[in-house]
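The following exercises concern helix packing and internal voids. Each task is followed by a solution in steps.

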Amino acid sequence: MRRRVIRVTPDRRPVVLAVCTLSVFLVGVDATAVTLALPALRRGLDVPPAVLPWVVGGYGLALASFLVLAGGVADRLGRRRVFRVGLVVFAVGAAVCAVAPDHRVLLAGRVVQGVGASMLNPVSLSIVLTTFPGPEERARALGVWGAVMGSSMAAGPLVGGAVVHAFGWRAVFALVAVLGCGVFVAATAVVPESTALRTRRVDPLGQLLVVLLFFVLMRSVAVSGVSALAWASAALVLSGVFVGHGLRRRDPFVDPRLFRITALWVSALAAVVLFVALGGFLLRTSWYWQEVRGLSAAASGLMTSPMPLAVVLCAWFASRVRGLLGTGGTLVLGGVVVLAAELVLVRAGAHSPAWAPVVGEALFGAGFGLTNALITALATERVEGDRVGVVAGITSTCRQFGLAMGAIRA
């Protein structure tokens with residue numbers, strides 16, 4: 001397929017960047033803001049306790065399952081086209097959630113949102129790469145895009161708490177739907193169309209295997225005992241089938257041979273572990289401040305604010321720490337800080353001093369900020385050419401899957 005790119009004049013490039021970053025901000029905020037709405041949502045729709053984590057996990061599962069596919073389809077059919085479709089699907093899913101009469105419709109809307117979100121993160125990144133051709137300006141644009149993506153997840157509870165307190169849990173989804181429509185209008189006006197120089201063949205069986213594998217893995221952590229062992233065994237079998245399928249194809253959905261690169265599987269594992277911790281952290285802190293300490297949603301959001309502040313601050317210093325300790329040393333340091341935070345938070349009870357969980361949240365944000373900034377860098381700096389996008393997509397998928405699995409397990 002012949003590559004097609006409409007060049008953007010320098011004065012319009014910041015506008016394109018703003019549209020792309022706003023889309024990933026919506027995806028990140030939507031993934032985590034709903035955690036502050038869960039207690040009110042549970043009461044409003046009488047959601048069974050076992051189903052409640054799937055409000056977060058279903059969104060993350062759909063997002064992780066189709067993220068790599070969406071990037072490939074956008075390369076083939078046009079990035080602007082797929083980006084706009086993703087915004088429509090995302091907004092429609094949010095609107096369904098806003099008017100959901102019961103938890104079944106709500107969960108369906110969350111899955112639709114996740115599918116739409118899968119078309120936004122990788123495609124917006126590709127649009128940024130094609131819009132900024134110069135190395136220096138591209139690096140600055142990628143820095144802004146990455147900072148917004150990372151901080152959006154951390155800021156979600158703060159935004160969600162304020163909206164839920166003022167307008168109710170349905171307003172969280174209504175706001176996302178309205179903003180999604182606004183971004184669609186802006187994207188129609190300013191985002192250029194482009195396609196890739198080389199596109200991969202469609203691999204429907206590989207995509208199906210990924211969806212099944214992710215779902216089975218999620219089920220394995222949602223249950224316990226013999227059932228968990230059975231689901232884990234099924235996941236192991238599916239993993240073998242997926243690897244065998246990838247090795248037989250010339251152009252597979254995800255090439256298993258990539259994982260011969262040590263840095264890739266280390267970064268993928270780090271992404272899953274870190275975001276499992278984040279998913280559990282968000283649900284537990286939301287439940288703690290509202291159900292254990294009896295705070296309002298807005299006050300609970302304020303009590304979680306040390307976490308996003310620490311994320312932004314430590315992400316800013318991550319490169320300097322990396323210069324002193326190296327990539328591996330910085331990842332280990334971030335992991336140790338996250339572990340320390342979990343140890344502080346797990347001891348928090350109804351009568352603990354309020355400063356104790358706040359300190360734990362700040363520690364979690366510090367460790368998260370140090371680690372998250374380096375995960376993609378660790379993987380992509382060891383690969384070249386067109387494999388960079390695939391590797392970045394793998395680490396992004398691992399982030400979203402880890403977030404969903406952490407929410408389910410919490």
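The model is predicted.

**Exercise 1. Characterise the lining of the largest cavity by residue class, and locate this cavity among the helices.**

Solution. Begin with the classes: the lining of the largest cavity holds four nonpolar and four polar residues, and no charged residues. Next, identify the residues themselves, which are V24, V27, G28, N121, M149, S152, M153 and Q400. Then assign them to elements: α1 and α6 (135-167) are the elements that give two or more residues to this lining. Finally, consider volume. The largest cavity has a volume of about 30 Å³, and a search of the whole structure finds one cavity of 30 Å³ or more.

**Exercise 2. Determine how α1 is oriented relative to α7, and describe their contact.**

Solution. First take the geometry: helix α1 (residues 13-45) and helix α7 (residues 169-190) pack with their axes 8 Å apart, at an angle of about 165 degrees. That angle makes α1 roughly antiparallel to α7, because angles over 145 degrees count as roughly antiparallel. The handedness follows as a separate item: the crossing of α1 and α7 is left-handed. As to composition, the residues of this contact comprise 20 nonpolar, three polar and two charged.

**Exercise 3. Carry out the analysis for α1 and α2, and name the residues that meet.**

Solution. The axes of α1 and helix α2 (residues 53-77) cross at roughly 160 degrees and come within 9 Å. The two helices are therefore roughly antiparallel to each other. Their crossing is right-handed. On the α1 side, the contact involves V27, D30, A31, V34, T35, L38 and L41, which meet V55, V56, Y59 and L63 in α2. Sorted by class, the contact of α1 with α2 has nine nonpolar residues, one polar and one charged. One of the α1 residues in this contact, V27, also belongs to the lining of the largest cavity.

**Exercise 4. Are α1 and α10 parallel or oblique to each other, and which residues join them?**

Solution. Start from the axes of α1 and α10, which come within 9 Å and cross at roughly 45 degrees. The helices are therefore oblique to each other. The crossing of α1 and α10 is right-handed. The contact is formed by T32, T35, L36, L38, P39, R42 and R43 in α1 with L282, L283, S286, W287, Q290 and E291 in α10. Its residues divide into six nonpolar, four polar and three charged. Both T35 and L38 of α1 take part in this contact, and T35 and L38 also meet α2.

**Exercise 5. Describe the second largest pocket: its volume, its lining and the elements that contribute.**

Solution. The volume of the second largest pocket is about 590 Å³. Its lining consists of 23 residues, and those nearest its centre are L213, F214, F242, F259 and C398. Two or more lining residues come from each of α2, α8 (204-222), α9 (225-248), α10 (262-292) and α14 (387-409). The largest share, five residues, is given by α14. By class, the lining of the second largest pocket has 19 nonpolar, three polar and one charged residues. Two of the contributing elements, α2 and α10, are also partners of α1, with axes that come within 9 Å of the α1 axis.

Conventions. Residues numbered from 1 in each chain as written. Predicted model: local features only at pLDDT ≥ 70, side-chain atom pairs only at ≥ 80, totals over all residues. Heavy atoms only, no water. Axes fitted to C-alpha atoms, helices over the stretch in contact; angles between N-to-C directions. Helix = DSSP H or I, 4+ residues; strand = E, 2+ residues; numbered from the N terminus. Parallel < 35°, antiparallel > 145°, perpendicular 65-115°, else oblique. Left-handed = near helix turned anticlockwise from the far one by under 90°. Nonpolar A, V, L, I, M, F, W, Y, C, P; charged D, E, K, R; others polar. Contact = heavy atoms within 4.5 Å. 1 Å grid on protein atoms, 1.4 Å probe; cavity = no way out; pocket = protein on both sides within 12 Å on 5 of 7 lines; lining within 4 Å. Points joined across faces, edges and corners; volume = space filled by probe spheres on them.
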